[in-house]
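Reader: I would like to learn how to read a few features of a structure. Please start with how two helices pack.

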Amino acid sequence: MVEMKQLETSPSNITCQNLPFLLSSFVDTFVDFSVSGGLFLLPQGLNPEPKSNPNFNSNSVDPKSNPNFNSNSVDPKVSTTLQTIFPAPTQLVAIGDLHGDLSKAKQALRLAGLVNGEDRWCGGSSTVVQVGDILDRGGDELKIMYLFEKLRREAVKDGGTIITMNGNHEIMNIDGDFRFATKEGLEEFKDWAMWYCVGNDMKKLCEGFGGPTEDPFDGIPHEFSHVKPELLHGIRARIAALRPEGPIAERFLSRNQTVVVVGDSVFAHGGLLPNHVEYGLEKVNEHVRDWILGVRDNVARELVKGKHSIVWTRKYSHEVAKHCDCSTLEYVLNTIPGAKRMIMGHTIQQGGINGACSNRAIRIDVGMSKGCGNGLAEVLQINENSQMTILTSNPLYQRKNETLGANLQDELGSVIPKQGQKQVEVHA
């Protein structure tokens with residue numbers, strides 16, 4: 001009672017030590033709301049407890065919960081571990097490259113009945129895998145990342161799981177390669193930087209605040225000889241956000257897997273080769289994550305940076321099936337216990353989602369983004385019996401399916417959901 005009276009009569013005694021920790025959480029929520037286009041995300045620690053989820057790995061929240069945790073061997077920056085192997089869910093939905101197109105991202109989610117008209121999760125215990133390349137070619141890159149983060153939190157409360165992966169464009173941006181960033185994309189990151197700095201300034205107004213308020217632009221040059229003046233602020237903001245240890249890289253991209261096994265399906269953006277499996281799938285995810293967090297100075301080129309790396313290889317993606325390296329794929333799948341197929345994006349399939357190598361290779365990049373083909377939204381659905389179905393917004397799909405080959409028709413069905421999207425005009 002005496003302390004409360006002192007606070008009431010002596011405003012100068014009020015510091016962040018006397019205020020609830022919600023002050024910082026409020027600022028972070030305000031910044032998220034402003035950057036995401038109006039999404040309301042409670043800070044992670046304030047979200048309701050999730051329902052029991054067989055896919056949920058408690059160690060993905062706090063490594064200290066792992067009985068093998070050694071505080072002397074784990075860098076404090078590594079606040080999460082990445083789950084690599086997931087059990088088969090009742091429904092598995094695979095979504096291809098989105099490239100900054102928020103509208104197509106929502107269409108894809110609705111095709112599978114995962115979100116309702118208000119973009120809230122309604123997919124129950126489904127597992128969703130987005131195979132990477134959210135970045136570049138479009139202007140809603142951050143908004144898509146925030147949307148998936150919101151849905152991730154909503155899904156886990158219903159026993160669902162959302163997995164987002166690193167594609168070659170995520171890796172390029174972390175490495176400072178912005179060749180495929182658009183003017184609209186640079187503007188979005190410039191807006192993010194403004195709100196992020198506003199949030200830091202708001203926190204600093206409260207004397208005694210001890211949270212992180214580092215300058216995100218620290219160490220970034222103020223001029224680049226090859227950058228047009230009108231693009232300079234956007235380039236600097238993009239570097240600040242996405243470089244190793246950058247706020248967006250740390251918050252979103254470090255939580256992406258680079259390889260995932262869900263039931264009998266293996267996911268990789270480009271594909272897995274024998275040396276990747278020999279490297280160790282869990283090790284791949286850990287080393288890429290540590291590089292994004294700045295714990296490692298670099299990452300093995302064979303993993304994410306060479307043309308034969310996990311996010312760049314096209315050995316199984318050629319539209320002419322006979323040009324795919326089916327023998328290598330067979331070897332790789334045989335070395336992963338229980339694996340039936342590999343599902344990948346990266347290479348646009350003009351004819352839509354399809355299979356090669358006796359449907360051991362499933363290619364799901366259909367060039368949905370208006371900045372990269374503007375194709376019709378399609379997703380792959382796999383049920384609990386491992387049966388695959390293509391969900392599409394194209395009402396002409398049944399006619400197209402006749403040309404896909406007998407092997408594919410045997411295993412891959414196609415349906416047009418009753419509540420599916422209308423046909424979208426394609427501007428190739």
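Author: The model is predicted. Start with the handedness of a helix pair: H6 and H7 cross in a left-handed way.

Reader: Which residues of H6 and H7 make the contact?

Author: On the H6 side they are Lys-183, Gly-185, Leu-186, Phe-189, Lys-190, Trp-192 and Ala-193. H7 contributes nine names to read along the helix, among them Leu-231, His-233, Ile-235, Arg-238 and Leu-242. Sorted by character, the residues of this contact are 10 nonpolar, 3 polar and 3 charged.

Reader: At what angle do the axes of H6 and H7 cross?

Author: Angles of 65 to 115 degrees count as roughly perpendicular. The axes of H6 (residues 183–204) and H7 (residues 229–242) cross at roughly 65° and come within 8 Å, so the two helices are roughly perpendicular to each other.

Reader: Next, the nonpolar core. How many residues has the largest one?

Author: It has 102 residues. Those with the most contacts inside the core are Ile-95, Phe-267, Leu-272, Ile-336, Met-342 and Leu-380. Helix H4 (residues 141–157) supplies the largest share, 8 residues.

Reader: What does Met-342 touch?

Author: Leaving out residues up to four places away in sequence, its partners include Val-266, Leu-272, Tyr-316, Leu-333, Arg-360 and Ile-362.

Reader: Now a charged residue. Is Asp-32 buried or exposed?

Author: Buried means under 20% relative accessible area. Asp-32 has 7%, so Asp-32 is buried. Asp-32 lies in helix H2 (residues 22–35) and touches Leu-39, Leu-41, Tyr-146 and Arg-251, not counting residues up to four places away in sequence.

Technical notes:
Residues are numbered from 1 along each chain as its sequence is written. This is a predicted model: local features need pLDDT of at least 70, side-chain atom pairs count only at pLDDT 80 or more; totals for chains, interfaces and linings use all residues. Side-chain values use heavy atoms; hydrogens and water are left out. Axes are lines fitted to C-alpha atoms, for helices over the stretch in contact, and angles run from 0 to 180 degrees between N-to-C directions. Helices (H or I, at least four residues) and strands (E, at least two) are DSSP runs, numbered from the N terminus. Angles under 35 degrees count as roughly parallel, over 145 as roughly antiparallel, 65 to 115 as roughly perpendicular and the rest as oblique. A crossing is left-handed if the near helix is turned anticlockwise from the far one by less than a right angle, and right-handed if clockwise. Contact means heavy atoms within 4.5 Å. Ala, Val, Leu, Ile, Met, Phe, Trp, Tyr, Cys and Pro count as nonpolar, Asp, Glu, Lys and Arg as charged, and the others, Gly among them, as polar. A nonpolar core is a set of buried Ala, Val, Leu, Ile, Met, Phe, Trp, Tyr and Cys residues joined through side-chain atoms within 4.5 Å. Buried means under 20% relative accessible area, exposed over 50%, partly exposed in between (1.4 Å probe, protein chains only).
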